[in-house]
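Student: I'd like a close look at one part of this protein, with its surroundings filled in as we go. Could you walk me through it?

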Amino acid sequence: MIIIGIAGGTGSGKTTVVRKIVEQLPAGHVSVIPQDSYYKRAPQGVPLEELRKMNYDHPDAFDWPLLEEHVRDLREGRAIEQPVYSVLTCDRAEETVRVEPADVIIIEGIMALYRPELRELMDLRIYVDADPDERLIRVIERDVIERGRTARIVMNRYLRVLKPMHNEFIEPTKRYADIIIPQGGDNVRAINIMRIYIDRILRGGSPQLPPGPISL
């Protein structure tokens with residue numbers, strides 16, 4: 001088993017990188033753990049409008065002990081019940097998703113490389129890098145289409161929350177990465193190299209990389 005952490009700012013292309021890596025690996029050999037599933041439960045009695053104003057780009061927003069427990073369980077061959085989080089209700093749903101152990105476990109999220117305890121569980125750490133303007137454009141497109149927000153609301157939130165949180169908590173985790181992938185999912189060369197590397201590990205090769213970080 002190989003455990004891979006993939007981090008990067010909001011709108012950097014992490015999800016696309018994960019999807020393209022998964023598409024190039026044998027079916028059923030990969031389990032993906034989105035960090036977004038591990039937001040904490042909403043405080044009781046707080047109105048939805050107030051919940052939407054909370055800072056979800058701060059480390060305190062995540063249930064780290066549960067995420068780390070689930071990664072350890074998978075590494076030891078035990079299935080987990082992954083939480084389901086709704087951005088519409090700002091809370092966890094009652095149902096869960098059963099995730100089985102697999103040859104490749106990918107942990108994907110803005111702060112996947114933030115906690116030392118989580119990093120220590122990883123065999124490979126990746127940071128997906130992107131120009132801030134590109135990230136802002138992707139965030140606007142996503143939030144307008146998927147979450148019904150106006151461009152002005154998204155830009156205000158970006159300046160007030162996303163940008164300062166990125167600079168304080170996310171960008172610094174780049175130094176923990178073994179590999180840095182610029183241009184996100186558009187970096188075909190980097191994704192192909194990752195596929196070859198992971199395939200080699202699955203075939204029993206060495207997981208060792210030269211001292212990094214390596215920028216692809």
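Student: Which exposed residues does the face of H7 turned away from its buried side carry?

Tutor: That face carries Val188 and Arg189, both exposed. Bear in mind that we're looking at a predicted model. Now for the helix as a whole. H7 runs over residues 188–202, which makes 15 residues. From first C-alpha to last, H7 reaches 21 Å, close to the 21 Å expected at 1.5 Å a residue.

Turn to the other side of H7 and you find its buried residues: Ala190, Ile191, Met194, Tyr197, Ile198 and Ile201. Looking down the axis of H7, you'd see these buried residues fall within an arc of 125°, so they line one face of the helix. The general background is simple: an α-helix has 3.6 residues a turn, so residues three or four places apart point the same way.

What does that buried side pack against? Two kinds of element: the strands E1 (2–7), E5 (104–108), E6 (124–129) and E7 (179–182), plus helix H1 (14–23). Just past the end of H7, Gly204 has a positive phi of about 95°.

One more residue of H7 deserves a stop. Arg195 sits in this helix and counts as partly exposed because its relative accessibility is 26%. If you set aside neighbours within four places in sequence, Arg195 is in contact with Gln24 and Leu25. With Gln24 there's a polar contact between the two side chains, at 2.8 Å. Arg195 and Val22 are 173 residues apart along the chain, yet their C-alpha atoms are separated by 8.6 Å.

Val22 belongs to the stretch covered by H1 (14–23), so let's cross over to that helix, because its buried residues also line one face, within an arc of 100° seen down the axis of H1. The buried residues in H1 are Lys14, Val17, Val18 and Ile21. They pack against H7, and also against E1, E2, E5, E6 and E7. Facing away from that buried side, H1 carries the exposed residues Thr15 and Glu23. Thr16 is found in H1 as well, and with 27% relative accessibility it counts as partly exposed. For a sense of distance, take Thr16 and Asp73: they're 57 residues apart along the chain, and 26 Å separates their C-alpha atoms.

E2 gives us a way onward, as the buried residues of H1 pack against that strand among others. In the loop between E2 and H2 you'll find Ser37. Ser37 counts as buried because its relative accessibility is 10%. Its side chain makes a polar contact of 3.4 Å with the side chain of Gln82. Beyond its neighbours within four places in sequence, Ser37 is in contact with Gln82, Pro83, Tyr85 and Arg92.

Tyr85 brings up the aromatic rings, since ring pairs link it with Tyr39, Tyr56, Phe62, Trp64, Tyr114 and Phe169 into a cluster. Across the structure there are six aromatic pairs. Tyr39 and Tyr56 form one that is edge-to-face, with 5.5 Å centre to centre and 85° between the planes. That pair links distant parts of the chain, 17 residues apart: Tyr39 is in the loop between E2 (30–34) and H2 (48–52), while Tyr56 is in the loop between H2 and H3 (64–75). Both tyrosines, Tyr39 and Tyr56, are buried.

Asp57 also lies in the loop between H2 and H3. With a relative accessible area of 5%, Asp57 is buried. Its side chain is joined to that of Arg157 by a polar contact of 3.2 Å. Not counting residues up to four places away in sequence, Asp57 touches Arg157 along with Thr10, Ile110, Met111, Val161, Leu162, Met165 and Phe169. You've already met Phe169 as a member of the ring cluster.

One last ring to look at: Tyr176 has the charged end of Arg119 sitting over it, 3.5 Å from the ring centre.

So, back to where you began: on H7, Val188 and Arg189 are exposed on the face turned away from the buried side, and the buried residues line one face of the helix.

Methods: Residues are numbered from 1 along each chain as its sequence is written. This is a predicted model: local features need pLDDT of at least 70, side-chain atom pairs count only at pLDDT 80 or more; totals for chains, interfaces and linings use all residues. Side-chain values use heavy atoms; hydrogens and water are left out. Helices (H or I, at least four residues) and strands (E, at least two) are DSSP runs, numbered from the N terminus. The expected span of a helix is 1.5 Å times one less than its number of residues. Buried means under 20% relative accessible area, exposed over 50%, partly exposed in between (1.4 Å probe, protein chains only). The arc is that of the directions from the helix axis to the C-beta atoms. Contact means heavy atoms within 4.5 Å. Rings of Phe, Tyr and Trp (its six-membered ring) pair if their centres lie within 6.5 Å; planes under 30 degrees apart count as stacked, over 60 as edge-to-face and the rest as tilted. A charge sits over a ring if NZ of Lys or CZ of Arg is within 6 Å of the ring centre and within 35 degrees of the ring normal. A polar contact is a pair of N or O atoms within 3.5 Å; within protein, one must be able to donate a hydrogen and the other to accept it, and residues adjacent in sequence count only if both atoms are side-chain atoms.
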